[in-house]
Number of protein chains: 2
Amino acid sequence: MKFKEETIDKETLYEGKIVDLNLHDVRLPNGEVSKREIVNHPGAVAIIAYTADDKIIMVRQFRKALEKEIIEIPAGKLETGEQPEETAKRELEEETGYKTDQLTKIGSFYTSPGFSDEIVHVYEAHTLYAGTVATDDDEFVELIEVTLDEADKLIESGDIHDAKTMFAIQHVKLKRIQNS
Amino acid sequence: MKFKEETIDKETLYEGKIVDLNLHDVRLPNGEVSKREIVNHPGAVAIIAYTADDKIIMVRQFRKALEKEIIEIPAGKLETGEQPEETAKRELEEETGYKTDQLTKIGSFYTSPGFSDEIVHVYEAHTLYAGTVATDDDEFVELIEVTLDEADKLIESGDIHDAKTMFAIQHVKLKRIQNS
């Protein structure tokens, strides 16, 4: 790696429930020293799941960072020691009441490589059966089921507006076109 | 908004060059109080641009948050008072030396609505002409031009692994299939 930036000093500014914030002094490739603000995150999963009548299962929730409600595919952060696929099954059931035994990974991505190590693993679930809703104490979500056309309209209106949901919807569209 | 979470107290934990970190005490819909860790970011732009021989212009750079180099489409954060389209033109030229007068917005998304307000505006540029590279003092990038097939292989190998680049590549594939 020709552009590697070695940490020469690191200050932990915050250790939280969701994120940590670390300030690194780094040695640049040209020998100079610079600062890097890094938000560390345990990583997350997201699941695009379809009902028997081919609707996509989504959740509407208030996002404090955005000061508004948006509609997203079910998602959640990785707990310590948990494999992403386990997290995906757990979060799908907890948030939506739907269970699945069958997940296919459709991709993963770093959300903001410029300042964060957060990675999102995205799964697809087809066969669903009834489970038990069990949202966290501070989590309030409304279940919504939409067709692919309705999802497109929700993107246009800005109700769907996050990376993982838009990535998953594009993935489904591409796959269906390629298989048709 | 039935799930709105009102801020009842806010502590600014950090104000940085790229991000601020704010800890909110919020009133939940059920009346309880909870904490929300919010990373505020000015927003960013990304540009998918094509050379005359239809290659996609990318940059390889070391990302401290990931402790490795990855390959991304050109991108950069919004400066105060700057319109996203201006930022897109400026960043494209500064990072790659290519200029454009013609940008089409292909979408925008929140990268991590669970903890951050960062939004990325993604543009497409077709007609390019020669400009002047002018990277920041602490920015080291290598220019790469890849075909769409090569981009797919770079996704498989993990060299391309970020939300904006994967979203833009999916968009191009969908558009080309729909137009063919």
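A residue counts as buried when its relative accessible area is under 20% and as partly exposed when the value lies between that bound and 50%. The legends below refer to a predicted model.

**View 1. Surroundings of B:A65 in the loop between β5 and β6 of chain B.** With a relative accessible area of 10%, B:A65 falls under the 20% bound and is therefore buried. Its contacts, leaving aside residues up to four places away in sequence, are A:I38, A:P113, A:F115, A:S116 and A:D117. B:F109 stands 44 residues from B:A65 along the chain, and 20 Å separate the C-alpha atoms of the two.

**View 2. The salt bridge between A:K4 and B:E67.** The closest approach of the two side chains, N to O, is 3.6 Å. A:K4 belongs to the segment before β1 (6–15) of chain A, and B:E67 to the loop between β5 (56–63) and β6 (68–72) of chain B, so the pair joins two chains. A:K4 is partly exposed at a relative accessible area of 31%. B:E67 is also partly exposed, at 34%.

**View 3. A salt-bridge network of A:K2, B:R60, B:E69 and B:E142.** Salt bridges link these four residues, A:K2 from chain A and B:R60, B:E69 and B:E142 from chain B. Over all chains, the structure holds 38 salt bridges.

**View 4. The salt bridge between A:D54 and A:R176.** The N to O distance between the side chains is 3.0 Å. A:D54 sits in the loop between β4 (44–49) and β5 (56–63) of chain A, while A:R176 is part of helix α3 (residues 163–179) of that chain; the pair therefore ties together parts that are 122 residues apart in sequence. A relative accessible area of 38% makes A:D54 partly exposed. A:R176 is partly exposed as well, at 34%.

**View 5. The salt bridge between B:D54 and B:R176.** Here the closest N and O atoms are 3.0 Å apart. B:D54 is in the loop between β4 (44–49) and β5 of chain B, and B:R176 is in helix α3 (residues 163–179) of chain B, which makes this a link between distant parts of the chain, 122 residues apart. The relative accessibility of B:D54 is 37%, which counts as partly exposed. For B:R176 the relative accessible area is 35%, again partly exposed.

**View 6. Domain 1 (6–40) and domain 2 (44–178) of chain A.** Taken over C-alpha atoms, the centres of the two domains of chain A are 31 Å apart. Six residues of domain 1 of chain A are in contact with five residues of domain 2 of chain A. Between them, the two domains bury about 420 Å², with 45% of this on carbon and sulfur atoms. On the domain 1 side, A:K17, A:V39 and A:N40 lose the most area to domain 2, together 67% of what that side buries.

**View 7. Polar and charged links between domain 1 and domain 2 of chain A.** The count of salt bridges between the domains is one. A:K17 and A:D138 meet through their side chains in a salt bridge, with 3.7 Å from N to O. There are four residue pairs in polar contact between the domains, both residues of each pair being at pLDDT 80 or more. The side of domain 1 that touches domain 2 has three nonpolar, one polar and two charged residues.

Note on methods. Residues are numbered from 1 along each chain as its sequence is written. Chains are lettered from A and ligands numbered from 1 in the order in which they are written. This is a predicted model: local features need pLDDT of at least 70, side-chain atom pairs count only at pLDDT 80 or more; totals for chains, interfaces and linings use all residues. Side-chain values use heavy atoms; hydrogens and water are left out. Domain bounds come from an automatic or database domain assignment. Contact means heavy atoms within 4.5 Å. Buried area is the accessible area (1.4 Å probe) that two parts lose on being put together, summed over both. A polar contact is a pair of N or O atoms within 3.5 Å; within protein, one must be able to donate a hydrogen and the other to accept it, and residues adjacent in sequence count only if both atoms are side-chain atoms. Ala, Val, Leu, Ile, Met, Phe, Trp, Tyr, Cys and Pro count as nonpolar, Asp, Glu, Lys and Arg as charged, and the others, Gly among them, as polar. Helices (H or I, at least four residues) and strands (E, at least two) are DSSP runs, numbered from the N terminus. Buried means under 20% relative accessible area, exposed over 50%, partly exposed in between (1.4 Å probe, protein chains only).
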